[in-house]
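This report walks through a structure by its helices, sheets, ligand sites and backbone details. The sequence and the model come next.

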Amino acid sequence: MAVVENQLTGVKLPEQVTHFESGNEMAATAAAQINYHIMGYFPITPSTEVAQYLDQMKARGLHDIQLIAADGEHGSAGICYGAAVAGARVVNATSSQGFLYMLEQLPTQSGTRFPMVLNLVTRAVSGPLDIRGDHSDLYYGLNVGWVILTASTPQAVYDMNIMALKIAEHSAVRLPVIVAYDGFFTSHQKRKVQYFKDNEVVQNFVGPNPNHNYPNISDPSRPVTIGAHMGGDDLLNNHYQLSVALEKAGEVYEEVAREYALLSGREYPILDLYRMDDAEVAVFLLNSAGESAKDTVDALRAKGIKAGLVRPNIIRPFPAEQLHQSLKNVKALLVGERADSYGAKGGNLTHEIRSALQADPENKTIILSRIFGLGGKDFYADDAEAFFKLAIEAAEKGYAEKPFDYHGYYPGDAKDALVPVMEPMHGDAFKTGLITVTQNEDTGLLKVKLPPLSQLTVKPHRLASGHGACPGCGALSALELFFKGIEGDMVVLFQTGCAYVVTASYPYSSHKQTFVHNLFQNGAATLAGMVDAFYELKRRGEIQVSDDVTFVMVSGDGGMDIGMGATVGAALRNHKMIILEYDNEGYMNTGSQLSYSTPMGHMTSTSGVGKTQKGKKGHHKDTAQILAACNIPYVFTAAECNPQDLLQKAAKAQWYANNVGTAYGKLLCACPLNWKTSDHSGYDLVKAAVDSCFFPLYEIEQGITNITYNPELKGKRIPAVEWLKGMGKTKHLLKDEELLQNFETEIERRWSRLKLRHESSLL
Ligand SMILES: Cc1ncc(C[n+]2csc(CCOP(=O)(O)OP(=O)(O)O)c2C)c(N)n1
Ligand code: SF4
């Protein structure tokens with residue numbers, strides 16, 4: 001127990017525990033102590049850990065929050081909105097693309113005045129993709145009508161999460177609140193922190209849930225209409241009220257921060273003004289960089305330079321008045337921003353500061369703007385010194401030579417250019433003529449003739465060695481096997497996931513054929529555009545290509561959750577392409593969170609096992625049947641353990657994609673890292689999954705189901721437990737008869753239906 005008395009008042013403080021924790025841990029701790037009703041979430045680095053920590057706590061029975069794994073961030077924001085409309089207390093966490101993907105929902109939440117708290121763990125926005133921290137995501141949120149608190153340390157993350165709910169629910173505010181903290185710098189680095197020992201202290205501070213006093217859907221005796229559309233006057237009035245409430249949130253923030261300081265001993269003024277009393281030159285920085293630059297201020301002060309630093313704790317409402325007061329005597333201020341407002345000659349906050357100072361005709365502060373630290377580029381003391389040097393120069397000259405610039409860029413040197421280690425390959429290199437596909441004149445169904453597999457080794461790998469997959473990763477070997485069945489040129493589009501991340505890390509690429517990456521959930525739509533444009537350009541004679549190219553979208557099972565809408569859309573339009581899903585039963589790239597394809601009871605980082613939780617709830621998604629219902633010409637499942645079968649299906653998929661329309665295939669692949677197995681057991685595990693009929697191998701060709709490998713007829717059927725006992729992620733299932741029985745029953749139900757379909761071409 002480090003603090004017993006409030007150093008401000010001398011009053012005894014409630015007991016606090018001192019720990020060494022990260023920002024994400026502290027956000028989760030605050031949420032668990034508040035004991036929110038609902039968290040709708042979707043994983044994305046670096047915010048994912050918040051849901052993971054909450055899941056682990058839930059498994060230990062430490063809170064009651066209903067953690068709802070959404071199908072994407074748009075869905076997670078919808079879940080949160082719906083729960084808020086029901087009068088529940090709601091929390092969420094996201095980053096970067098996730099924030100952008102949910103953006104559409106955010107003005108509705110504020111415009112209809114339903115409070116909630118969203119942790120925005122800031123990270124660079126694509127493109128190109130970079131998962132490290134900057135503020136480009138946060139800047140998209142400046143206009144959504146949410147209060148925005150900026151937490152610069154793990155301690156502040158905890159404290160502000162508690163303050164945020166009280167501000168959100170204050171009767172004069174009734175708005176959602178973002179707590180923004182820096183991805184990796186604050187989210188992952190552990191620091192000394194304190195939190196209240198007793199959850200009740202936190203719960204008493206935030207008070208009882210006031211949402212029941214406002215219109216919501218949870219009281220059928222008081223019917224309400226929420227979200228009626230508005231005409232111009234009403235909308236203007238609505239937004240005026242929102243604007244007033246957001247302004248009011250600034251005063252409420254001060255009130256709540258004061259009250260919190262009395263409880264905790266920790267103060268969060270609107271502006272953290274470091275040695276600003278008599279500062280003549282200053283730097284303005286958000287969040288963690290602001291903390292780092294304090295040492296530089298001290299060093300400059302030691303040299304007699306009147307330097308100071310401004311770091312806000314809240315940016316919505318924007319603290320214009322406080323800034324203009326604090327900058328009264330400052331001759332030059334450099335505003336460092338981790339996001340640009342392209343073409344505006346300064347990031348958003350630069351312009352907001354300029355406009356704040358405009359209100360004071362006496363103010364003569366010269367404002368410089370520097371964009372720095374994008375994509376997680378570190379900010380060191382040298383960088384802070386460079387910022388102060390620019391401010392000092394401007395103060396001395398009375399003007400800024402270059403008011404706006406980027407900091408830290410460089411032209412590169414020709415001598416550092418990488419020499420390609422291999423040339424991309426195409427055309428004949430990938431054509432063996434050994435695979436033939438013919439169509440039966442009567443049935444219209446395809447027949448594939450394959451050579452002995454050894455002969456196909458003449459076809460080069462399409463993925464170069466040296467990629468970064470884990471040892472024993474089944475995804476890349478299964479993809480390579482599938483590619484062996486495709487003759488000629490391909491254009492591949494990978495959605496975000498392990499297979500993309502480990503094969504295309506700038507400036508390297510393992511792809512010998514044309515490769516494109518686009519947003520996690522939008523691959524099928526993007527490839528649809530590519531393929532149709534390709535055929536249109538060809539039809540108009542604008543491109544000369546002798547042979548058709550095969551277009552393939554590659555996605556993990558997670559990508560088929562968030563990207564299901566785009567996938568179904570592409571399938572229903574029947575574009576000439578293959579959609580290939582490698583199913584490793586989870587979101588592995590982001591740290592093994594559950595996907596809808598994760599089987600029931602399997603342990604992931606968001607379906608933990610403990611006193612009150614037994615792995616994933618609900619059965620695995622039957623994606624093949626969903627795609628079959630789109631009536632595309634060809635659907636298949638395949639696995640590396642039956643290579644001949646897989647290659648036949650690849651050849652058929654190619655024929656259908658090039659001649660008819662969409663083909664979809666699902667490959668089961670081992671992920672030794674997250675299945676918690678040895679590196680060499682992937683093949684056997686996938687085979688066991690197939691032989692237990694958990695993952696039956698079949699195709700649906702022009703609507704006709706055909707089981708291509710029947711372990712029962714071959715006398716190879718095994719109980720599912722034989723498969724499950726081979727993996728660390730399912731060890732607990734072996735001791736749980738009820739769960740095991742439930743799992744086996746579902747496998748049997750799906751397998752029996754498949755057999756009926758196989759027997760009747762009408763089903
Ligand atoms: C809109 C959006 N939300 C979340 C993410 C974060 N994200 C990137 S890859 C991934 C998981 C991929 O899982 P899966 O498709 O199963 O492929 P795997 O990594 O397992 O190979 C997630 C959650 C993102 N990039 N964009
Ligand atoms: S985490 Fe799993 S899927 Fe990803 S590269 Fe490693 S083994 Fe492959």
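## A helix pair

Helix H7 (residues 154-169) packs with helix H8 (residues 199-206) at an angle of about 35°. Their axes lie 8 Å apart. The model is predicted.

Which residues meet in this contact of H7 with H8? From H7 come Tyr 158, Ile 162, Met 163, Leu 165 and Lys 166. From H8 come Val 202, Phe 205 and Val 206. By class, the residues of the contact are seven nonpolar, no polar and one charged.

## The seven-stranded sheet

An open sheet is formed by seven strands. Their order is S3-S2-S4-S5-S7-S6-S12, and the pairing is mixed. Strand S3 (66-69) and strand S12 (314-316) are the edge strands, and each pairs on one side only. On average, neighbouring strands of this sheet are turned by 20° against each other, direction ignored.

At the S12 edge, strand S6 (residues 147-150) and S12 run antiparallel and are joined by two bridges. Leu 149 stands opposite Ile 314 in S12. Helix H3 (residues 73-85) packs on the sheet. H3 touches strand S2 (38-41), S3 and strand S4 (90-94). The direction of H3 makes about 165° with that of S4.

## The eight-stranded sheet

Another open sheet is built from eight strands, again with mixed pairing. The order is S19-S18-S20-S21-S25-S24-S26-S27. Why is one side of S19 and of strand S27 (704-709) left without a neighbour in the sheet? S19 and S27 stand at the edges with a single partner strand each, so one side of each has no neighbour there. Neighbouring strands of this sheet are turned by 20° against each other on average, direction ignored.

Inside the order, strand S24 (residues 634-639) and strand S25 (residues 663-668) pair in the parallel sense. Six bridges link S24 and S25. Ala 639 has Leu 668 in S25 as its bridge partner. Helix H17 (residues 523-539) packs on the sheet. H17 touches strand S18 (490-494), S19, strand S20 (550-556) and strand S21 (578-583). The direction of H17 makes about 175° with that of S20.

## Ligand 1

There are 22 residues around ligand 1. Which of them come nearest? They are Glu 73, Gly 558, Gly 559, Tyr 582 and Asn 589. The shell divides into nine nonpolar, 11 polar and two charged residues.

Backbone atoms contact oxygen atoms of the ligand. A polar backbone atom of Gly 558 is 2.7 Å from an oxygen atom of ligand 1. For Cys 498, a polar backbone atom lies 2.9 Å from an oxygen atom of ligand 1. A backbone N or O atom of Gly 586 is also 2.9 Å from an oxygen atom of ligand 1. Taken alone, ligand 1 exposes 590 Å², and the protein buries 98% of that.

## Ligand 2

Around ligand 2 are Ala 469, Cys 470, Cys 473, Cys 498, Asn 584, Cys 671, Pro 672, Leu 673 and Asn 674. Cys 498 thus appears in this shell and also contacts ligand 1 through its backbone.

Which helix gives the largest share of the shell around ligand 2? Helix H22 (residues 672-675) does, with three residues. By class, the shell has seven nonpolar, two polar and no charged residues.

## Backbone exceptions

Most residues other than glycine have a negative phi, and most peptide bonds are trans. Three places in this model depart from that pattern, and each lies in a loop.

The peptide bond from Thr 45 to Pro 46 is cis, with omega near 5°. Pro 46 sits in the loop between S2 and helix H2 (48-59). The bond from Tyr 506 to Pro 507 is cis as well, with omega near 5°. Pro 507 is found in the loop between helix H16 (498-501) and strand S19 (514-517). Arg 113 has a positive phi, near 65°. Arg 113 lies in the loop between helix H5 (106-111) and strand S5 (117-122).

Conventions:
Residues are numbered from 1 along each chain as its sequence is written. Chains are lettered from A and ligands numbered from 1 in the order in which they are written. This is a predicted model: local features need pLDDT of at least 70, side-chain atom pairs count only at pLDDT 80 or more; totals for chains, interfaces and linings use all residues. Side-chain values use heavy atoms; hydrogens and water are left out. A residue is near a molecule or strand if one of its heavy atoms lies within 4 Å of it. A polar contact is a pair of N or O atoms within 3.5 Å; within protein, one must be able to donate a hydrogen and the other to accept it, and residues adjacent in sequence count only if both atoms are side-chain atoms. Accessible areas come from the Shrake-Rupley method with a 1.4 Å probe; for residues, only the protein chains shown count as cover. Ala, Val, Leu, Ile, Met, Phe, Trp, Tyr, Cys and Pro count as nonpolar, Asp, Glu, Lys and Arg as charged, and the others, Gly among them, as polar. Two strands pair if DSSP finds at least two bridges between them. Helices (H or I, at least four residues) and strands (E, at least two) are DSSP runs, numbered from the N terminus. Axes are lines fitted to C-alpha atoms, for helices over the stretch in contact, and angles run from 0 to 180 degrees between N-to-C directions. Contact means heavy atoms within 4.5 Å.
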